[in-house]
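Colleague: I've got a model open on my screen and I'd like to learn how to read it. Could you walk me through it one feature at a time?

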Amino acid sequence: MAKEFKVPPVAFPNAPNPAAAAPNLQQRRMPTPPFQPNSGIPFMSFDIGSAAASTSSGPIYTGPSLGGGSANFEDEEPLLDELGIHPDQIWSKIRSVLNPFRVNHTVHKDSDLSGPILLYMSFCLFQLLAGKIQFGVILGWIVVSSIFLYVVFNMLAGRAGNLDLHTCTSVVGYCMLPVVIFSALSLFLPVEGVIRLSAAAIFVLWATRASTGLVVLLADGGDEHRGLIAYACFLIYTLFSLLVVF
């Protein structure tokens, strides 16, 4: 026999009038207006049109002017001169070393390291073409050779010696030109034989005479010890020539 359950009546709230609810629904769905900086905050107001007009009409800032006029790049010095690199002086110093019997020492009074670095890189390049990677060895020997010649000369000259290390490094570097030429020619010479050793002796004597003449003429008190200075220069460039021979 089926059992009957008593279900209580469900009371639904009275539905509002659709015509009356439509305005409320439309009011809720209205999007809020975006933030307008001009309305409430005065210091954030910005007008693009007025800014563009003022920029086009007013002068543009181009940096500080020199001498009351506008900046001109044509009046500036070349980059090499600002770096202290003077190609004309380097070429004149290299030409002075080409003639070991008449070395022009006046161009070497203004010592620099740009030319020696150029010759050092050329020497390393020719050694690299010969299959010898000696960048660090050559650089170390140049530094040690410059210090060695500086110490030897000042010990010989005593208080009268006025040869500084910068000038000594410049002289040793520029007089590396014969060794650099020998390194380039060694690429075409036989590896073993009298020709290679004879060429090495000629270029070493060339570099020795040029460096000795420059050191004696640039510093005071060196004429009395020309033989000892020449011996020190001969040892220096013999070491560099051995890098090429062997």
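Modeller: Sure, let's begin with cysteines. A disulfide is a pair of cysteine sulfur atoms within 2.5 Å. Keep in mind that this is a predicted model.

Colleague: OK, so how far is the sulfur of C175 from the closest cysteine sulfur?

Modeller: The closest one is in C233, and the two sulfurs are 7.4 Å apart, which is too far for a bond because the cut-off is 2.5 Å. C175 is also buried, with a relative accessible area of 0%.

Colleague: How many disulfides turn up in the whole structure?

Modeller: Zero, after a search of the whole structure. C168 is in no disulfide either, and its nearest cysteine sulfur, again that of C233, is 7.9 Å away. At 1% relative accessibility, C168 counts as buried.

Colleague: Let's step back to the fold. How many helices and strands does the protein have?

Modeller: There are 11 helices and zero strands. If you write the pattern out along the sequence, you get α-α-α-α-α-α-α-α-α-α-α.

Colleague: And what share of the residues counts as buried?

Modeller: It's 30% of the 246 residues. The accessible surface comes to about 17,000 Å², and carbon and sulfur atoms account for 66% of that. To see how the chain folds back on itself, look at contacts between residues at least 6 apart in sequence: 68% of them join residues at least 24 apart.

Colleague: Now charges. What's the general idea there?

Modeller: Side chains of opposite charge can pair when their charged atoms come close. In this structure, a search of the whole model finds one salt bridge.

Colleague: Which residue forms a salt bridge with K93?

Modeller: The partner is D112, with the closest N and O atoms 2.4 Å apart. K93 lies in helix 5 and D112 in the loop between helix 5 and helix 6, so the pair ties together parts that are 19 residues apart in sequence. The two side chains are listed as a polar contact as well, at 2.4 Å.

Colleague: Is K93 buried or exposed?

Modeller: K93 is buried, with a relative accessible area of 1%. D112 is buried too, at 13%. To find K93 on your screen, go to helix 5, which covers residues 87-98.

Colleague: What else is K93 in contact with, leaving aside its neighbours within four places in sequence?

Modeller: The list is V107, H108, D110, S111, D112 and Y174. So the salt-bridge partner D112 shows up there again, because contact here means heavy atoms within 4.5 Å.

Colleague: What about greasy areas on the outside? Which residues make the nonpolar surface patch?

Modeller: Color L113, I117, M121, L125, L128, L129, I133, F135, L187 and F188, and you'll have a nonpolar patch of about 990 Å². The largest share of that patch, five residues, comes from helix 6, residues 114-129.

Colleague: Pick one for me. Where is L125?

Modeller: L125 sits in helix 6. It is partly exposed, with a relative accessible area of 46%. Now look across from L125 to V180: these residues are 55 apart along the chain, and their C-alpha atoms are separated by 9.7 Å.

Colleague: Can you show me another pair like that, starting from I117 in the patch?

Modeller: Try I117 and L139. They are 22 residues apart in sequence and 9.4 Å apart in space, C-alpha to C-alpha. L139 belongs to helix 7, residues 135-157, and at 42% relative accessibility, L139 counts as partly exposed.

Colleague: Staying with helix 7, is S145 buried or exposed?

Modeller: S145, which lies in helix 7, is buried, with a relative accessible area of 6%. Not counting residues up to four places away in sequence, S145 touches V172, I236 and F240.

Colleague: Let me try a recap, then. The cysteines give zero disulfides, K93 and D112 form a salt bridge, and helix 6 supplies the largest share of the nonpolar patch.

Modeller: That's it. And when you go back to the screen, S145 is a good one to click on next, with V172, I236 and F240 among the residues to display around it.

Terms used
Residues are numbered from 1 along each chain as its sequence is written. This is a predicted model: local features need pLDDT of at least 70, side-chain atom pairs count only at pLDDT 80 or more; totals for chains, interfaces and linings use all residues. Side-chain values use heavy atoms; hydrogens and water are left out. Helices (H or I, at least four residues) and strands (E, at least two) are DSSP runs, numbered from the N terminus. Buried means under 20% relative accessible area, exposed over 50%, partly exposed in between (1.4 Å probe, protein chains only). A polar contact is a pair of N or O atoms within 3.5 Å; within protein, one must be able to donate a hydrogen and the other to accept it, and residues adjacent in sequence count only if both atoms are side-chain atoms. Patches are made of residues with over 30% relative accessible area and no salt bridge: like charges are joined within 9 Å, nonpolar side chains (Val, Leu, Ile, Met, Phe, Trp, Tyr) within 5 Å. Accessible areas come from the Shrake-Rupley method with a 1.4 Å probe; for residues, only the protein chains shown count as cover. A salt bridge is a side-chain nitrogen of Lys or Arg within 4 Å of a carboxyl oxygen of Asp or Glu.
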